[in-house]
Amino acid sequence: MGRISVFHERFEYDDWANRRAMDSLRSTDPPSERGRRVLAHIVGAQDVWLSRIEPGEPNTNGWPDLSILQIEARLEGLRGIWEMKLDQIKESALDARLSYKNLAGEPFTTPLWQILDHLLFHGAYHRGQIASQVRSEGGTPILTDYVQFTRR
């Protein structure tokens with residue numbers, strides 16, 4: 001399995017896990033406000049990184065204020081965008097270094113594969129926070145572990 005195929009599977013997992021985290025949020029009534037903000041941040045971070053990968057004006061809103069329905073719609077859009085991007089990338093392009101500025105305006109240069117890994121690990125980190133928040137509010141967090149995804 002080539003690296004692009006691995007990233008396809010990882011982004012499919014990320015989308016699956018984000019949707020399950022959203023279902024966890026809905027297990028509390030009303031849905032966890034803190035959890036909603038964190039899930040919106042996962043979406044916002046993906047948008048920020050997409051804007052760094054694509055030429056054009058950078059997106060600097062890593063914490064958008066999105067409703068559950070807006071998050072759901074954006075996740076749908078992101079799934080298609082990442083599928084398309086990964087289809088367009090050649091294996092060698094994963095090693096290409098991208099220059100960008102972080103949200104504090106500091107310049108960095110990072111290989112594309114590390115950016116993609118960062119996005120995946122970033123989402124997993126925050127989904128753990130969402131699960132903890134849902135549990136603290138009396139809800140039942142839904143498992144988002146990778147092994148659960150592979151057992152579907």
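**Close-ups of salt bridges, a helix and a core**

**View 1. Arg-127 pairs with Asp-14 in a salt bridge.** In this predicted model, the closest N and O atoms of Arg-127 and Asp-14 sit 3.0 Å apart. The two residues come from distant parts of the chain: Arg-127 belongs to helix H4 (residues 112-136) and Asp-14 to helix H1, with their positions 113 residues apart in sequence. Are these two partners buried or exposed? Both Arg-127 and Asp-14 are buried.

**View 2. A salt bridge joins Asp-95 and Arg-3.** Here the closest N and O atoms are 3.1 Å apart. Asp-95 is found in the loop between helix H3 (68-88) and strand S1 (97-101), while Arg-3 is in helix H1 (residues 3-25), so this pair ties together parts that lie 92 residues apart in sequence. Look at the surface and you'll find Asp-95 partly exposed, at a relative accessible area of 42%. Arg-3 is partly exposed too, with a value of 33%.

**View 3. Arg-79 and Glu-76 meet within helix H3.** Their side chains form a salt bridge, with 2.5 Å from N to O. Why are they about one helical turn from each other? Because Arg-79 and Glu-76 are three residues apart in helix H3. Arg-79 counts as partly exposed at 31% relative accessibility, and Glu-76 is also partly exposed, at 40%. Zoom out a little and the pair turns out to be part of a network of salt bridges that links Asp-15, Arg-19, Glu-76 and Arg-79. As for the whole structure, it holds 16 salt bridges.

**View 4. Helix H2 covers residues 33-53.** This helix has 21 residues and reaches 30 Å from its first C-alpha to its last, close to the 30 Å expected at 1.5 Å a residue. Of those 21 residues, 18 are buried, so H2 is largely enclosed by the rest of the structure. At the start of H2, check out Ser-32: one of its side-chain oxygens comes to within 3.0 Å of the backbone nitrogen of Gly-35.

**View 5. The largest nonpolar core contains 32 residues.** Which members touch the most other members? They are Phe-11, Ile-71, Trp-82, Leu-116 and Ile-130. Two or more residues of this core come from each of H1, H2, H3, S1 and H4, and H2 gives the largest share, eight residues. In soluble globular proteins, nonpolar side chains tend to be buried together.

**View 6. Trp-82 and the residues around it.** Leaving out residues up to four places away in sequence, what does Trp-82 touch? Its contacts are Phe-11, Gln-46, Leu-50, Ile-53, Leu-116 and Leu-119. Two names here, Phe-11 and Leu-116, will be familiar from the core view, where they are listed with Trp-82 among the residues that touch the most other members.

**View 7. Glu-12 sits in helix H1.** Glu-12 is partly exposed, with a relative accessible area of 43%. Setting aside residues up to four places away in sequence, Glu-12 touches Phe-149 and Arg-152. For a sense of scale, find Asp-29 as well: Glu-12 and Asp-29 are 17 residues apart along the chain, and their C-alpha atoms are separated by 28 Å.

Technical notes
Residues numbered from 1 in each chain as written. Predicted model: local features only at pLDDT ≥ 70, side-chain atom pairs only at ≥ 80, totals over all residues. Heavy atoms only, no water. Salt bridge = Lys/Arg side-chain N within 4 Å of Asp/Glu carboxyl O. Helix = DSSP H or I, 4+ residues; strand = E, 2+ residues; numbered from the N terminus. Buried < 20%, exposed > 50% of the residue type's maximum accessible area, 1.4 Å probe, protein only. Expected span 1.5 Å × (residues − 1). Polar contact = N/O pair within 3.5 Å; in protein donor to acceptor, adjacent residues only side chain to side chain. Core = buried A, V, L, I, M, F, W, Y, C linked by side-chain atoms within 4.5 Å. Contact = heavy atoms within 4.5 Å.
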